[in-house]
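Ready for a few exercises? Have a go at each task on your own, then read through the worked solution below it.

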Amino acid sequence: MASPPDTSKTTKLERYNSYVRRVNSTKLLAASSKLLFRATLLIALILIFLFTINYPPFSDNHNSHHHNLHKTHNFLSSAFYGSGATWEKQVRRSSTPRRPNGFSVLVTGAAGFVGTHCSLALKKRGDGVLGLDNFNSYYDPSLKRARQNLLQKHEVFIVEGDLNDAELLTKLFDVVPFTHILHLAAQAGVRYAIQNPQSYVNSNIAGFVNLLEVAKNSDPQPSIVWASSSSVYGLNTKVPFSESDRTDQPASLYAATKKAGEEIAHTYNHIYGLSLTALRFFTVYGPWGRPDMAYFFFTKDILQNKPINIYQTQDDKEVARDFTYIDDVVKGCLGAIDTAEKSTGSGGRKKAPAQLRVYNLGNTSPVSVGKLVGILENLLSVKAKKHVIRMPRNGDVPFTHANVSQAYRDFGYKPTTDLATGLRKFVRWYVSYYGIQSRVKLEIHNGKPADSA
């Protein structure tokens with residue numbers, strides 16, 4: 001009888017192979033775990049590095065915290081948002097002019113008050129317009145978002161980013177050969193500098209330099225029109241203020257940063273051939289305006305039956321401003337763009353002398369703050385609760401008055417809107433935007449409806 005086959009060798013071989021497979025599986029799992037651990041550690045180190053470079057040491061100041069958040073967002077916007085075919089298509093479409101020989105204009109601060117109105121005017125006449133704004137919280141960002149929606153309806157695209165984001169700016173100039181820059185982005189306001197002085201340096205000086213750096217390296221170089229301020233006249237007592245008057249006595253940090261901007265502009269014009277035009281705005285007001293301006297918060301407080309402070313100077317004189325309606329300022333901005341000569345540099349090298357200009361854009365008719373309140377009382381049909389107090393030493397100046405003869409000579413600037421007419425248009429927008437039911441007088445003296453502007 002045959003003996004059964006010897007399977008002991010086969011069984012041992014199978015056990016060995018099973019053992020080998022378990023060993024190899026264990027080694028693979030261990031190797032994978034090490035790789036995963038190293039990858040996780042690397043990612044964590046990268047995130048810590050990015051967090052460190054984008055976040056300075058913590059501060060108790062809420063505005064500093066918000067600024068830090070924006071710096072992180074700027075990095076993300078340039079690295080991720082500012083890329084891709086869809087994004088570039090939006091940028092190009094918005095920047096492409098629709099009229100023959102039209103301009104391609106980068107408008108910084110496009111979601112701001114003046115920026116929105118200028119962007120709409122440029123787009124309406126057929127120029128290409130691309131906006132840039134960081135939507136900071138100096139005042140209610142929802143108002144800026146509402147302006148953004150208005151611009152979007154008119155096919156103006158706003159890139160969300162900061163002037164100090166060099167990577168994003170370079171990307172924009174790579175995508176679009178801008179013919180002009182209308183630089184309106186800035187940290188505004190006089191009193192806020194007492195709370196957050198660094199924000200003025202970051203925006204009005206560092207941001208401006210960053211923009212000029214990118215512009216001077218571009219080919220072709222764009223012509224630049226930018227917003228200075230009547231604040232540069234500071235403690236000057238000669239009236240009306242003329243462009244040739246001294247501007248070396250600023251009364252506020254805001255004024256000092258705008259004056260610094262004018263000197264920086266001179267430097268970049270002299271060295272790199274950038275064509276630069278500074279516009280000194282005089283108390284611009286109107287629909288879609290800034291809530292930190294007196295006419296705006298006076299309207300709000302009067303309607304809410306809250307008291308308002310009316311300042312007098314240290315020698316008991318009335319504070320007066322050369323209030324300038326937004327439509328007049330827009331005409332001045334477009335006039336400056338239309339008459340701006342081309343920059344003469346290329347890729348950072350100057351080839352010939354370039355245009356350098358400074359203009360006042362005001363209304364030429366100073367009005368006291370008391371009279372401003374009187375006009376608002378009449379329009380709102382509400383008597384204001386007024387507290388007349390001495391002007392604090394916080395950087396405000398007692399009066400402003402513009403001489404605009406140079407702007408009239410060079411591009412026909414001529415303001416046409418008086419304060420009563422302009423405030424009527426503002427109030428009509430205000431009650432409509434905020435949905436206020438009031439006894440607001442919306443009729444002009446002759447009985448025709450007021451412009452909604």
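Is arginine 409 buried or exposed? Keep in mind that you're looking at a predicted model.

**Exercise 1. Sort out arginine 409 and its partner.**

Step 1. Start with the cut-off: exposed means over 50% relative accessible area. Arginine 409 has a relative accessible area of 58%, so the residue is exposed.

Step 2. Now look for a partner. The side chain of arginine 409 meets that of aspartate 410 in a salt bridge, at 2.8 Å from N to O.

Step 3. Check the partner too. Aspartate 410 has 31% relative accessibility, so it counts as partly exposed.

**Exercise 2. Compare two more salt bridges, and find a network.**

Step 1. Take arginine 125 and aspartate 127, which form a salt bridge whose closest N and O atoms are 2.6 Å apart. Arginine 125 is partly exposed at 26%, while aspartate 127 is buried with a relative accessible area of 1%.

Step 2. Move on to lysine 238 and aspartate 245, whose side chains meet in a salt bridge of 3.2 Å, N to O. Lysine 238 is partly exposed, at 43%, and aspartate 245 counts as buried at 10%.

Step 3. Put the bridges into the wider picture. The count for the structure comes to 15 salt bridges. Back at arginine 409 and aspartate 410, the pair is joined in a salt bridge of 2.8 Å. Elsewhere, bridges with shared partners link Arg99, Arg125, Asp127 and Asp338 into one network.

**Exercise 3. Find the charged residue without a bridge.**

What is the nearest side chain of opposite charge to aspartate 301, and how far away is it?

Step 1. Locate the residue: aspartate 301 sits in helix α9, which covers residues 294–303.

Step 2. Look around it. Aspartate 301 is buried, and the nearest side chain of opposite charge is lysine 306, 4.9 Å away.

Step 3. Apply the rule. A salt bridge needs the nitrogen and oxygen within 4 Å, and aspartate 301 has no salt bridge.

Step 4. List the contacts. Setting aside neighbours within four places in sequence, aspartate 301 is in contact with Lys306, Pro307 and Ile308.

**Exercise 4. Describe the surroundings of glycine 362.**

Step 1. Place glycine 362 in the loop between β13 (356–361) and β14 (367–368).

Step 2. Judge its burial: the relative accessible area is 0%, so glycine 362 is buried.

Step 3. See what it touches. Not counting residues up to four places away in sequence, the contacts of glycine 362 include Phe282, Asp322, Tyr413 and Pro415.

Step 4. Add a distance. Threonine 400 is 38 residues apart from glycine 362 in sequence and 9.2 Å apart in space, C-alpha to C-alpha.

**Exercise 5. Look for empty space.**

How many cavities of 30 Å³ or more does a search of the whole structure find?

Step 1. The search turns up one. The largest cavity has a volume of about 40 Å³.

Step 2. Go through its walls. Among the residues lining the largest cavity are His183, Asn204, Trp226 and Lys258. Both α7 (197–217) and β5 (223–229) supply at least two lining residues each.

Step 3. Sort that lining by class: five nonpolar, two polar and one charged.

Step 4. Turn to the second largest pocket, with a volume of about 440 Å³. Twelve residues line this pocket, and those closest to its centre are His117, Leu120, Ala121, Lys124 and Asp327. The largest share of the lining, five residues, comes from α4.

Step 5. Finish with the classes: the lining of the second largest pocket has six nonpolar, two polar and four charged residues.

Notes: Residues are numbered from 1 along each chain as its sequence is written. This is a predicted model: local features need pLDDT of at least 70, side-chain atom pairs count only at pLDDT 80 or more; totals for chains, interfaces and linings use all residues. Side-chain values use heavy atoms; hydrogens and water are left out. On a 1 Å grid over the protein atoms alone, a cavity is a set of points where a 1.4 Å probe fits but cannot get out, and a pocket is an open set with protein on both sides within 12 Å along at least five of seven lines; lining residues have an atom within 4 Å of a point. Grid points are joined across faces, edges and corners, and a volume is the space filled by probe spheres set on the points. Helices (H or I, at least four residues) and strands (E, at least two) are DSSP runs, numbered from the N terminus. Ala, Val, Leu, Ile, Met, Phe, Trp, Tyr, Cys and Pro count as nonpolar, Asp, Glu, Lys and Arg as charged, and the others, Gly among them, as polar. Buried means under 20% relative accessible area, exposed over 50%, partly exposed in between (1.4 Å probe, protein chains only). Lys and Arg count as positive and Asp and Glu as negative; His and the chain ends are not counted. Contact means heavy atoms within 4.5 Å.
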